[in-house]
Amino acid sequence: MVYESSDQPDRYVAATVAESVKILVVGAFGVGKTTLIGSVSEIAPLRTEETMTVESVGVDSVAGLDGKTTTTVAMDFGRITVSPEVVLYLFGTPGQRRFWDLWEGLADGAVGALVLVDTRRIEDSFEVFDQLELRTGMPFAVAVNNFPGSPRYDLEQLRTALDLLPDTPIVTCDARSRESSAAALIALVDHALRFPVTTKALA
Amino acid sequence: MARDDFHDHPVRSYVITSGRAHPSRNTIRPETLLVAEPDMPVPPSAGRQARALLDICRGMLSSAEAAAYLRLPVSLVVVIASDLVDTGHLSIRSASPRHAPPDRDLLEKVLNGLRKL
């Protein structure tokens, strides 16, 4: 999925582009973020990594070390030139805000977040919703990624289970499908247009 | 920290900067578009990573893309890019980053673009 650079001229953004915007594709590991991004992106998804230092709580500290370990957190992303002047980036980030914060300004000024949910692990997404609602005020929409063999629920049942507001869009999605992934992103942008959020600086 | 290095100030710096850790002078986000200035020769003092960044930015790329191609963390590319913007070797092509969400006009462009996919 993650390709090495090669000298292709089409990897560059068109010279007419003067503005870039972004959508965060948020969800637990393995929920299909990179698949969705790859379905709609004009470039093969790229990966960047940051390291974070974490206290190794509950781990016997090794003599001479300070009880901290480093963890690598990866972010996969893609790009869509939506008009001759505007390019849209899709940044796939882990659910927890402390991870997105590794990329400075990642959430700042975003169109919104598309939260991918796996019906086999609904509880994984509770923390994501809490953070989006309480800490960012960022518009978001929910896309339920239908994995083969995953339980199918009625969307209104899921809305209740996820404790979503009546206005929050929730759609089913096949992350492998370009059309289906685009429809989920459209639901988010449409929502952001209908419910403008008052500025809440994230920085 | 040496005692002389510490100067208290009635207004904390993170208040002055709205919590930002870096100056807004040339704030570079992961989606910020960068391009090398073609007429500016690479400074002899430039390090290997700065040279690689100027090389990959012969065309326009976001800082995240440049970082991915160079296999460097975005946080590092942002620091190198800021210096190169200051010296005039690299330009920021996208509109300055905002703390507010995109305006209606921009959202409509995004929506129309997604509908064409």
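## Confidence first

Chain B comes out with a mean pLDDT of 82, and 75% of its residues get to 70 or more. The weak spot to know about is residues 1-20 of chain B, where the pLDDT is below 50. Leaving aside near neighbours in sequence, that stretch makes 7 contacts in the model. Keep in mind that everything here describes a predicted model. For the model as a whole, the scores are ipTM 0.86 and pTM 0.85.

## How chain A is laid out

Chain A is a mix of 5 helices and 7 strands. Walk along it from the N terminus and you read β-α-β-β-β-α-β-α-β-α-β-α. The chain has 203 residues, and 43% of them count as buried.

What about the contacts in chain A? Take those with a separation of 6 or more: 74% of them are between residues 24 or more positions apart.

## Helix 3 of chain A, inside and out

Helix 3 of chain A covers residues 126-136, and its buried residues are V128(A), F129(A), L132(A) and T136(A). Why do these line one face of the helix? Looking down the axis of helix 3 of chain A, the buried residues fall within an arc of 110°, so they share one face. The general rule behind this is that an α-helix has 3.6 residues a turn, so residues three or four places apart point the same way.

And what packs over that buried side? The cover includes strand 1 (19-26), strand 5 (112-117) and strand 6 (140-145) of chain A. On the face turned away from the buried side of helix 3 of chain A, you find the exposed residues D130(A), L134(A) and R135(A). Just past the end of helix 3 of chain A comes G137(A), with a positive phi of about 70°.

## Where the chains meet

On the interface, 43 residues of chain A are in contact with 42 residues of chain B. Several elements of chain A chip in with at least two residues each: strand 1, strand 2 (46-55), strand 3 (68-81), strand 4 (86-93) and helix 5 (178-194). Which of them gives the most? That would be helix 5 of chain A, with 8 residues on the side touching chain B. By residue type, the side of chain A that touches chain B splits into 27 nonpolar, 7 polar and 9 charged.

## A closer look at D190(A)

D190(A) sits in helix 5 of chain A. Is D190(A) buried, exposed or partly exposed? D190(A) is partly exposed, because it has 17 other C-beta atoms within 10 Å, and a residue needs 20 or more to be buried, or 12 or fewer to be exposed. D190(A) is also 9.3 Å from P169(A), C-alpha to C-alpha, with the two positions 21 residues apart in sequence numbering.

## The sheet in chain B

Over in chain B, 3 strands make an open sheet in the order 2-1-3, with antiparallel pairing. The edges are strand 2 (61-62) and strand 3 (90-92) of chain B, each pairing on one side only.

Strand 1 of chain B (residues 33-36) is joined to strand 3 of chain B by 3 bridges, and the two run antiparallel. One residue pair to look at is V35(B), whose bridge partner in strand 3 of chain B is S91(B). Strand 1 of chain B also pairs with strand 2 of chain B, again in the antiparallel sense, over 2 bridges. There, L34(B) stands opposite L61(B) in strand 2 of chain B.

Conventions: Residues numbered from 1 in each chain as written. Chains lettered and ligands numbered in written order. Predicted model: local features only at pLDDT ≥ 70, side-chain atom pairs only at ≥ 80, totals over all residues. Helix = DSSP H or I, 4+ residues; strand = E, 2+ residues; numbered from the N terminus. Contact = placed C-beta atoms within 7 Å. Arc of directions from axis to C-beta. Nonpolar A, V, L, I, M, F, W, Y, C, P; charged D, E, K, R; others polar. Pairing = 2+ DSSP bridges. pLDDT = per-residue confidence, 0-100.
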